[in-house]
Amino acid sequence: MKQLTPLLALMLAVTPGCDRGSRASQEVNPFADTGGSAKGDLGPPEGDPITAELTHAPAVPAPITRKRPAHVVVDMEVRELELPLGDGVTYTAWTFGGTVPGEFIRVRQGDTVEFRLKNHPDSKLPHNIDLHAATGPGGGAVSSFTSPGYQTTFTFKALNRGLYVYHCATAPVGMHIANGMYGLILVEPPEGMPRVDREYYVMQSEFYTKGVYREKGLQTFDQDKAIDERPTYVVFNGREGALTGPNALKAKVGETVRLYFGNGGPNLISSFHVIGEIFDKVYSEGGSRYQENVQTTLVPAGGAVMVEFRVEVPGDYHLVDHSIFRTFHKGALGSLEVEGPENPAIFLGDQAATEHRPTK
């Protein structure tokens, strides 16, 4: 690679931004080698154990401000619950933390994570967890097989920074995932994430029901549809309407928004797009590198992405899977409502509507 110009080197070294938290953070050179897991062990944990803050989508835990690795305890309970899938439609979901998707976990590279998985006594089945952020057999699945009314504990060191999916890996694995058992874990780099104004947690997934799309009542899992990869629903955050109307995401003109977006699958690839916006940065597949100025990004089943964009103009911006029939006929639709002053220099709508009369 050719030597960087002084100007480019300066741009890569320091980038100003707005702060969601109170700390100061600088971007690092996006071309630098992070060293992967070989450089992820940053020493033993320091201080007393910390209980991880867990949040339900679309909320995200606060940025990590500490500068040293810690012993982080994650307490998560599996619940089997009847939850809304749409207007008048319910589904018996298997959940991490009582919601679909499961709770968002945020740790720091080098942290020692003690994971305590509890299975509620009312559950009918055993469950476990495979964290894609964990280095070890089954990502923890081998150690966390948990029967109803019991708790298991295992520990791993978060060696690799990035955004990762977790999911249940109890057989039949596909059914457990299809019933709602997935979520995201963010492993922040030691210097922290670049500062932004707002962060949100969004996860796409599919549901395979015996009934047709929007059929009222309690729906049950359809194994044949799942095997044939014919979902009845493709949704954001566990149900149709989870991110529209009063549940829409919020931002103000001039703010930078970061979306932690995951794809629980279990089958389909997402073509994630925000109508009316261009992603300023896309951390492809949840990794360390980013692309700039991206319109639509592919997110595989069991994968994730971090996207950032600055909102310049007020209005409603729709989150979609640009495999577009999924949006309008299966439920993959969300909204970001942006408030603030108009900016006609960037966008001026509704200028004129006149009759058109072709000359030929």
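Biologist: Which strand does E17 join through three bridges, with Val307 as the bridge partner of Val282?
Modeller: Happy to start there, keeping in mind that this is a predicted model. Strand E17 covers residues 279–283, and three bridges tie E17 to an antiparallel strand spanning residues 303–310. Within that strand, Val307 is the bridge partner of Val282. The strand you want is E20.

Biologist: Thanks! And which residue stands opposite Lys281 in E18?
Modeller: E18 is made of residues 291–294, and three bridges join E17 to E18. The two strands run antiparallel. Opposite Lys281 in E18 stands Glu292.

Biologist: How many of the five residues of E17 are buried?
Modeller: Buried here means under 20% relative accessible area. By that cut-off strand E17 is mostly covered. The number of buried residues is four.

Biologist: Moving on to Asp130, how far away is the nearest side chain of opposite charge?
Modeller: Asp130 lies in strand E7, residues 130–131. Its contacts, leaving out residues up to four places away in sequence, are Gly138, Gly139, Ala141, Val165, Tyr166, His167 and Ala169. Asp130 is buried yet has no salt bridge. The nearest side chain of opposite charge belongs to Arg116, at a distance of 19 Å.

Biologist: Lovely. Is Phe325 buried or exposed?
Modeller: Phe325 lies in helix H4, residues 325–329. Its relative accessible area is 62%, and the cut-off for exposed is over 50%. Therefore Phe325 counts as exposed.

Biologist: What accessible area do Ile324, Phe325 and Phe328 have together?
Modeller: These three residues form a nonpolar patch on the surface. Together, their accessible area is about 340 Å².

Methods: Residues numbered from 1 in each chain as written. Predicted model: local features only at pLDDT ≥ 70, side-chain atom pairs only at ≥ 80, totals over all residues. Heavy atoms only, no water. Buried < 20%, exposed > 50% of the residue type's maximum accessible area, 1.4 Å probe, protein only. Lys, Arg positive; Asp, Glu negative; His and termini not counted. Salt bridge = Lys/Arg side-chain N within 4 Å of Asp/Glu carboxyl O. Contact = heavy atoms within 4.5 Å. Patch = residues over 30% accessible without salt bridge, like charges linked within 9 Å, V, L, I, M, F, W, Y side chains within 5 Å. Areas by Shrake-Rupley, 256 points an atom, 1.4 Å probe, with all protein chains shown as cover. Pairing = 2+ DSSP bridges.
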